[in-house]
Amino acid sequence: MYKRIYFPFFLLFTLLGTLSYPALLQAGNAQTTSAPVPQAIVKCLPKTRDRTTVLARAVENDTDYYLVHTSFKRGKDSVWGDFLIAAQSTACVLLHSPDAAQTLYQNSLAQYVPMSVAQKLALSKWQKELDRAGSKEVLRQEILTGIEPGPDTMYLFAEDIWALRQLGIEIPKNQS
C-alpha cells in the first residue's frame, strides 16, 4: 500500500534540504503573482494574500480546476495555505481551503473532484516537480527518501502514483 502525502509535495524539498520553499516559489517553476492569477479564481482567494502560486490546473468539460498555494494574512500573521478551486467563466467555487479540518494533502484530491480531474492536477504538479528536479531519477530518489517512515513522512495517493507513472517514474509498492 502506498503512503499518502502528509506534507505538501513542495515542502519535501525543504525537508530534504535541496531547496527551501521560498526559493522554489522564486525559481520560476510555478506560476507566481509575477504572472497574473487567473481572474476567474481571484474571488475565491483571500483578499489579503501576498504571494500566490498556481501549482496545477486541469480542465474538464466547461470547468477549470486550480490547485493554488498562497501566502495571506490571518490576523497579524502571514500564513501559507492551499486552495482547490473550480471556475467557470467569471464565477468560482472554493472546493477546499486551509480553514478546513484537514489540509488538502491529508486527503486524495479525488475526495473533492472527479478522479479524472485529480489525475490531471497531479500530473500537472508532478510535471512541475520533474522540471525542477531536472531528471526522473532525481525526483524518484527525492520521493523515495520522503516516503521513509518518520515524523514528516510523505504519502502518495492513487492520482499521484498514476501521474508519476505517466511521467515514467515508478515507485515500488513495497516502499512504505
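What joins the side chains of His69 and Asp82? In this predicted model, the two side chains are joined by a polar contact of 2.4 Å, and that pair makes a convenient place to enter the structure before looking at the chain as a whole.

His69 is found in strand β2, and it is buried because its relative accessible area is 4%, where under 20% is the cut-off for that word. The C-alpha atom of His69 is separated by 9.0 Å from that of Leu84, although these two residues are 15 residues apart along the chain.

Let us now step back to the overall plan. The protein chain holds 6 helices and 4 strands, and when it is read along the sequence these elements follow the pattern α-α-α-β-β-β-β-α-α-α. Of the 176 residues in the protein chain, 48% are buried. If one takes the contacts between residues at least 6 apart in sequence, 59% of them join residues at least 24 apart.

With that plan in mind, we can return to strand β2, which covers residues 63–74 and which also contains Thr70. Thr70 has a relative accessible area of 0%, and therefore counts as buried. The side chain of Thr70 reaches the backbone oxygen of Arg51 at a distance of 2.8 Å. Leaving aside residues up to four places away in sequence, Thr70 touches Pro46, Arg49, Arg51, Thr52, Val79, Trp80, Gly81 and Phe83.

Is Asn61, in contrast to these strand residues, buried or exposed? Asn61 sits in the loop between β1, which is residues 49–60, and β2, and because its relative accessibility is 72%, it counts as exposed. Its backbone also deserves attention, for most residues other than glycine have a negative phi. The phi of Asn61, however, is near 55°, a positive value in a residue other than glycine.

Further along the chain we come to the loop between β4 (91–96) and α4 (115–133), where Ser108 has its place. Ser108 counts as buried because its relative accessibility is 14%. The side chain of Ser108 is joined to the side chain of Glu159 by a polar contact of 2.8 Å, and Glu159 is itself one of the buried residues of helix α6.

How, then, are the helices of this part arranged? Two packed helices are described by the angle between their axes and the distance between the axes. The axes of α4 and helix α5, which is residues 136–146, come within 8 Å and cross at roughly 110°, which means that α4 is roughly perpendicular to α5. The crossing in which α4 passes α5 is right-handed. On the side of α4 the contact is made by Trp126, Glu129, Leu130, Arg132 and Ala133, and on the side of α5 by Lys136, Val138, Leu139, Glu142 and Ile143. Sorted by class, these residues are 6 nonpolar and 4 charged, with no polar ones.

Helix α4 also packs against α6, here at an angle of about 55° and with the axes 8 Å apart, so α4 and α6 are oblique to each other. Their crossing is right-handed. In this contact α4 contributes Met115, Ala118, Gln119, Ala122, Leu123, Lys125 and Trp126, while α6 contributes Ala158, Glu159, Asp160, Trp162, Ala163, Leu164 and Gln166. The classes represented are 9 nonpolar, 2 polar and 3 charged residues.

One residue of α4 in this contact, Lys125, is worth a closer look. Lys125 counts as buried because its relative accessibility is 3%. From C-alpha to C-alpha, Lys125 and Leu67 are 8.6 Å apart in space, while in sequence they are 58 residues apart.

The walk through the structure ends at helix α6, which spans residues 158–166 and whose buried residues are Glu159, Asp160, Ile161, Ala163 and Leu164. What covers these buried residues includes α4 and α5. Just after α6 comes Gly168, which takes a positive phi of about 80°.

Terms used. Residues numbered from 1 in each chain as written. Predicted model: local features only at pLDDT ≥ 70, side-chain atom pairs only at ≥ 80, totals over all residues. Heavy atoms only, no water. Helix = DSSP H or I, 4+ residues; strand = E, 2+ residues; numbered from the N terminus. Buried < 20%, exposed > 50% of the residue type's maximum accessible area, 1.4 Å probe, protein only. Polar contact = N/O pair within 3.5 Å; in protein donor to acceptor, adjacent residues only side chain to side chain. Axes fitted to C-alpha atoms, helices over the stretch in contact; angles between N-to-C directions. Parallel < 35°, antiparallel > 145°, perpendicular 65-115°, else oblique. Left-handed = near helix turned anticlockwise from the far one by under 90°. Contact = heavy atoms within 4.5 Å. Nonpolar A, V, L, I, M, F, W, Y, C, P; charged D, E, K, R; others polar.
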